[in-house]
Amino acid sequence: MPSHSPAASPAAHSVTSTAGPLTAALDIGGTKIAAALVAADGQVLARARRSTPQTTRAETVQAAVTACLAELADHSGWGYVRALGVCSAGPVDCAAGTVSPVNIPAWREYPLVKTLRQLPAAAGLHTVLCGDAVAMTAAEHRYGAAKGRVNALCMVVSTGVGAGLVLDGAVRPGPTGNAGHLGHVSVDLHGEVCPCGGRGCLERLASGGAITRHALAAGWLPPQGRTPATADVAGAARAGDPAALAAFDRAARALAAGIAGCATLLELEVAVLGGGVMSASDLLVPAVQRHLTRYAALPFARTEIRTAALGGDAGLVGAAALARPN
Ligand SMILES: [Zn+2]
């Protein structure tokens, strides 16, 4: 790993003098592993990326993470890095420093923080682990759609449904980093059994897969020759297909019920919706707002609904924000 002192690296000096100290960030998901150097203003200055190995060997997944960090350590700004923020698909146990991502079966209670601290590239860095939805929450609160808000819920609606909380002006991840996990709160007392063991979980109604499944069950005919995707359902809904529209409306109703419960409990100012399914925000946001008037009856629970501002970089930028020393 090259080492750059501030005096020996004029290019890096110009970066840090305008944007403050740099933070390294890792975003570990079931499809990809991303790493970045992030400036104090949230700007991503350098990136590395690998596909997540589909394997049962924990070491193979770790090798992809290690390669991302090693690539990043070649950047001229690396000598300024003092902290590493790591966000991972859940479940996570931030107290123990372990992760068990549902979509990375090779890692169960995997000691990620301990392993990272043993790498030459990350040795000596202040390392902070968080869940991916909590990282997104930190990014939206620091730089995005929840900026300046005292109480907020930030949701990732994607393959799964995750969420994080801002309370009294700070991100509140809870003792193990899982507070705010609205995807596994029941919004349907007699609903489907969820892989988590619960019943009627919000995720079973509002995830991308759930929307597609419900559209198919209601009679939507997908494009021939490939696996139907949520974007196909969205296209059909925009064209007026009643089954596709019903699937999105069902998801929006479930999201509204979940948000209304949180808003009534926590007096939210805003609920921010992000994640891949929000490429259909034109369909979802108006429907969530409409249903929210039904489920959030008390005036203080009528929270504002906003679309996330940071997109695919939210995990990296948020993990960096949580790790950066204040
Ligand atoms: Zn569940």
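An open sheet of five strands, in the order 3-2-1-4-7 and with mixed pairing, is a good place to begin. Strand 3 (44-51) and strand 7 are the edge strands, each pairing on one side only. Neighbouring strands of this sheet are turned by 15 degrees against each other on average, direction ignored.

Before going on, a word about what you are looking at. This is a predicted model: local features need pLDDT of at least 70, side-chain atom pairs count only at pLDDT 80 or more, and totals for chains, interfaces and linings use all residues. Residues are numbered from 1 along each chain as its sequence is written. Helices (H or I, at least four residues) and strands (E, at least two) are DSSP runs, numbered from the N terminus. Two strands are said to pair if DSSP finds at least two bridges between them.

**The whole protein**

The secondary structure of the protein comes to ten helices and twelve strands. Its C-alpha trace spans about 65 × 45 × 35 Å along the principal axes. For 326 residues, a compact globule would have a radius of gyration near 20 Å, and the protein agrees with that, having 20 Å. This radius is taken over C-alpha atoms, and the globule rule is 2.2 Å times the number of residues to the power 0.38. Buried residues make up 48% of the 326 residues. A residue counts as buried if 20 or more other C-beta atoms lie within 10 Å of its own, as exposed if 12 or fewer do, and as partly exposed in between, with C-beta atoms placed from the backbone.

Two residues are in contact if their C-beta atoms, placed from the backbone, lie within 7 Å. Among contacts between residues at least 6 apart in sequence, 65% join residues at least 24 apart.

**Back to the opening sheet**

Strand 1 (residues 23-28) and strand 4 (residues 83-88) run parallel and are joined by six bridges. Here Ala-25 has Gly-85 in strand 4 as its bridge partner. Helix 2 (residues 58-72) packs on this sheet, where it touches strand 1, strand 2 (32-38) and strand 3, and its direction makes about 155 degrees with that of strand 3. Helix 4 packs on the sheet as well, touching strand 1, strand 4 and strand 7, with its direction at about 105 degrees to that of strand 7. For such angles, axes are lines fitted to C-alpha atoms, for helices over the stretch in contact, and the values run from 0 to 180 degrees between N-to-C directions.

**The other sheet**

Five strands also form an open sheet in the order 10-9-8-11-12, with mixed pairing. Strand 10 (170-171) and strand 12 (304-307) stand at its edges with a single partner strand each, so one side of each is left without a neighbour in the sheet. Helix 4 (residues 132-143) packs on this sheet, touching strand 8 (152-157), strand 9 (161-167), strand 10 and strand 11, and its direction makes about 45 degrees with that of strand 9.

Three of the pairings are set out here.

| Strands | Sense | Bridges | A facing pair |
|---|---|---|---|
| Strand 8 and strand 9 | antiparallel | six bridges | Ala-152 and Val-166 |
| Strand 8 and strand 11 | parallel | five bridges | Val-156 and Gly-274 |
| Strand 11 and strand 12 | parallel | four bridges | Val-272 and Arg-306 |

A hairpin leads from strand 8 to strand 9 through three residues. Strand 8 is mostly covered, since six of its six residues are buried. Ala-152, Cys-154 and Val-156 lie on one side and Leu-153, Met-155 and Val-157 on the other, and both faces are covered.

Just ahead of this strand is a loop worth a look. Val-150 lies in the loop between helix 4 and strand 8. With 14 other C-beta atoms within 10 Å, Val-150 is partly exposed. Leaving aside neighbours within four places in sequence, Val-150 is in contact with Asp-168, Gly-169 and Glu-269. The C-alpha atoms of Val-150 and Val-166 are separated by 6.8 Å, although the two are 16 residues apart along the chain.

**Two domains**

The protein is divided into domain 1 (6-131 + 314-323) and domain 2 (145-308), with bounds that come from an automatic or database domain assignment. Their centres, taken over C-alpha atoms, are 28 Å apart. Ten residues of domain 1 are in contact with nine residues of domain 2. On the side of domain 1 that touches domain 2, the elements that give two or more residues are strand 5 (92-93), strand 7 (126-131) and helix 10 (314-323).
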